[in-house]
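Okay, thanks for making time, everyone. I'll put the model up and then walk through a few spots in it.

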Amino acid sequence: MSAEKKKKGDRPRWMLHIQAQFWRVLMGIGMVLHRLARPLPPAPSFHKYIDATVSPIKGKFRLQFYVPKDYHRRKKLKGKRYPCIVNFHGGGFVLGTAHDDARWAGVVVEQVGAVVVSVDYRLAPEFPFPTAVEDGADAVLYLAKHADELYLDTERFAVSGFSSGGNMTFTVPLCLQGELLERTASGKPIPNSHEGHLSRFNSHEANDNNTLRPPTANGTANVTPNGSRINLSRQVSKLDRIAMLRQTGASSLSLVSSRKEGSAVSVFNQGTEVKIRGIVSFYPPTDYTQTREQRRQTCSRTDHQLPAVFTELFDDSYLQPPSLDLAHPWLSPGVAPDHMLTALPDDIVMLCCEWDMLLAEGERFRDRLVTNFKKRVHYHCVPGVPHGWDKAPNPLRESPGARDQYIVACKELRRIFEIEEDLEEVSTREEEDSPV
């Protein structure tokens, strides 16, 4: 068995890239079929490419905007501003695109009257941890900075996401706290903490030298037993380059701060402020300190588990370098320090799946949020469904029950945003008032 694991984990980096591209094509076909089912989901209204500034690994990524029907008319008339939901797609940080959650975006636009911005964050293995989280933080900061031209209400932001994107609904707000820039795990200030930020946290050490080191040439750096994740051959130079950029590259996160204000979290960045009022998380992984085998043992239906071909690809691609601390708050929010979780928004919606290997850790995280921090967690376990049930590639009909669960989450968003008017009545009144 150990020889088999070694063989799987010994894949060269280029092989991970080929496998990722192969599965991206197949998943893309599946999502096309998913979007063919009636009623058809909306297409994005427009998109924008933005620069990565939080990550020391520079580049661009895309934001896709789904807007209410009256958005462009009201924008011309300089009318009301819209609540904004920043959404993160799933796919194990390796697969998926911002198109994947079009059905969710359509329901939110229809039920909440909000603008949904779906983030095409950069994927592993090309961009391993924590690039996805940094891009998510960049998206929030960009939307806050450009809220006037986009007619977004900076007092009413929320984040949503599915699977790995559900993980990001917690880790992006944690990233925006800037805590890892400022202090070690022991709480002591970090000298020159703004010169790169990933390497400053280690949950297992409480000293002033919490530096995450890249793997050595002989592959002996703190290997962890998660999935098949062991040192990958021929990857050292690539990961060394990434580690060097993280140690020396500039990050705009050094200019960001946040604080809890009532039930919301206010994020400040160079004169702009945005309030994140809520989190909507669908079947998120929350604790990577649990091995894949430990997770599988908690699943009530072994025939509905995530296939190992995917989980091994996800872990080998994203959880790099092998010295990575799997308890890092930007990876495992379920075991993040108390002072960081306290500063999350108070209103949280969590939907998990009964036949999911991630259910147990999701429920543990829910219990911790409610018991230790008195968060208002609207939790629901969807019975009789596996992980990602709402993304079934069936062109003949929508995934059963998916829209109902989306509407439940939207009701919570309306409560969080304090939206009292019925959107159908508003739409009818606007049609009556509009010139013929």
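So, Pro39 sits in the loop between H2 and strand S1, which covers 46–51. The thing to look at there is the bond before it: Arg38 and Pro39 are joined by a cis peptide bond, with omega at about -5°. Keep in mind that this is a predicted model.

There's another cis bond further along, from Gln320 to Pro321, and omega there is near 0°. Pro321 is in a loop too, the one between H11 and helix H12, residues 338–342.

While we're on backbone geometry, let's do the phi angles. Phe93 has a positive phi, near 65°, and it's not a glycine. You'll find Phe93 in the loop between strand S3 (82–88) and helix H4 (102–112). Is Phe93 buried or exposed? With a relative accessibility of 1%, Phe93 is under the 20% cut-off, so it counts as buried.

Ser163 is another non-glycine with positive phi, about 60°. Ser163 is in the loop between strand S5, 152–162, and helix H7, 164–176. Ser163 comes out at 13% relative accessibility, so that one counts as buried as well.

Okay, back to H2, residues 13–36. On the surface we have a nonpolar patch made of Phe22, Val25, Leu26, Ile29, Val32, Leu33 and Leu36, and together they have about 600 Å² of accessible area. Take Leu26, which is found in H2: its relative accessible area is 38%, so Leu26 is partly exposed.

Gly28 is found in H2 too. Its relative accessible area is 31%, so Gly28 is also partly exposed. And here's a long-range pair for you: Gly28 and Asp100 are 72 residues apart in sequence, but C-alpha to C-alpha they're 8.7 Å apart in space.

Now the pocket. I'm talking about the second largest one, with a volume of about 810 Å³. Which elements give two or more residues to its lining? Those are H2 and helix H11, residues 308–318. H2 gives the most, with 5 residues.

In total, 36 residues line the second largest pocket, and the ones nearest its centre are Met27, Gly91, Leu306, His387 and Gly388. For anyone thinking about the chemistry of that lining, the split is 21 nonpolar, 10 polar and 5 charged.

That's my tour. Happy to rotate the view if anybody wants another look.

Notes: Residues numbered from 1 in each chain as written. Predicted model: local features only at pLDDT ≥ 70, side-chain atom pairs only at ≥ 80, totals over all residues. Heavy atoms only, no water. Patch = residues over 30% accessible without salt bridge, like charges linked within 9 Å, V, L, I, M, F, W, Y side chains within 5 Å. Areas by Shrake-Rupley, 256 points an atom, 1.4 Å probe, with all protein chains shown as cover. Salt bridge = Lys/Arg side-chain N within 4 Å of Asp/Glu carboxyl O. Helix = DSSP H or I, 4+ residues; strand = E, 2+ residues; numbered from the N terminus. Buried < 20%, exposed > 50% of the residue type's maximum accessible area, 1.4 Å probe, protein only. 1 Å grid on protein atoms, 1.4 Å probe; cavity = no way out; pocket = protein on both sides within 12 Å on 5 of 7 lines; lining within 4 Å. Points joined across faces, edges and corners; volume = space filled by probe spheres on them. Nonpolar A, V, L, I, M, F, W, Y, C, P; charged D, E, K, R; others polar.
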